[in-house]
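Here's a short set of exercises on confidence and charge pairing. Grab your viewer and work through them in order.

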Amino acid sequence: RDWARVAWFVVNGWSEPIEVDVGIPAFSCGPQLDDGRHRLAAAWYRGDATIQANCGGSCDLIEELTQW
């Protein structure tokens, strides 16, 4: 079933961003994908260079990771 959902997103796209928690290194909390694994897989399959994401966790780490 996962492959079918990924395939649907590959064909139809999506408008909702994925949800990423970058964690809080000071508390030994690592990153995790809270929502959007099928959309992320579809973006990877399509070769998308970027994907929209809402990020939570350490503000300093988010800023560091999103600097282009």
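The exercises below come with worked solutions.

This is a predicted model, where local features need pLDDT of at least 70, side-chain atom pairs count only at pLDDT 80 or more, and totals for chains, interfaces and linings use all residues. Residues are numbered from 1 along each chain as its sequence is written, and side-chain values use heavy atoms, with hydrogens and water left out.

**Exercise 1.** Find where confidence is lowest and where it is highest in the protein chain.

*Solution.* Start with pLDDT, the predictor's confidence in each residue, from 0 to 100. The chain averages 94, and 99% of the residues score at least 70. Next, go to the helices (DSSP runs of H or I, at least four residues, numbered from the N terminus). Helix α3 (residues 59-65) is the low point with a mean of 90, while helix α2 (residues 37-46) tops out at 98.

**Exercise 2.** Work out which residue forms a salt bridge with D2, and where the partners sit.

*Solution.* Set the cut-off: a side-chain nitrogen of Lys or Arg within 4 Å of a carboxyl oxygen of Asp or Glu. D2 pairs with R37, closest N and O atoms 3.7 Å apart. D2 is in helix α1 (residues 2-12) and R37 in helix α2, 35 residues apart.

**Exercise 3.** Classify R39 and its salt-bridge partner D35 as buried, partly exposed or exposed.

*Solution.* Buried means under 20% relative accessible area, exposed over 50%, partly exposed in between (1.4 Å probe, protein chains only). R39 has 7%, so R39 is buried. D35 has 40%, so D35 is partly exposed. Their N-to-O distance is 2.8 Å.

Key
Helices (H or I, at least four residues) and strands (E, at least two) are DSSP runs, numbered from the N terminus.
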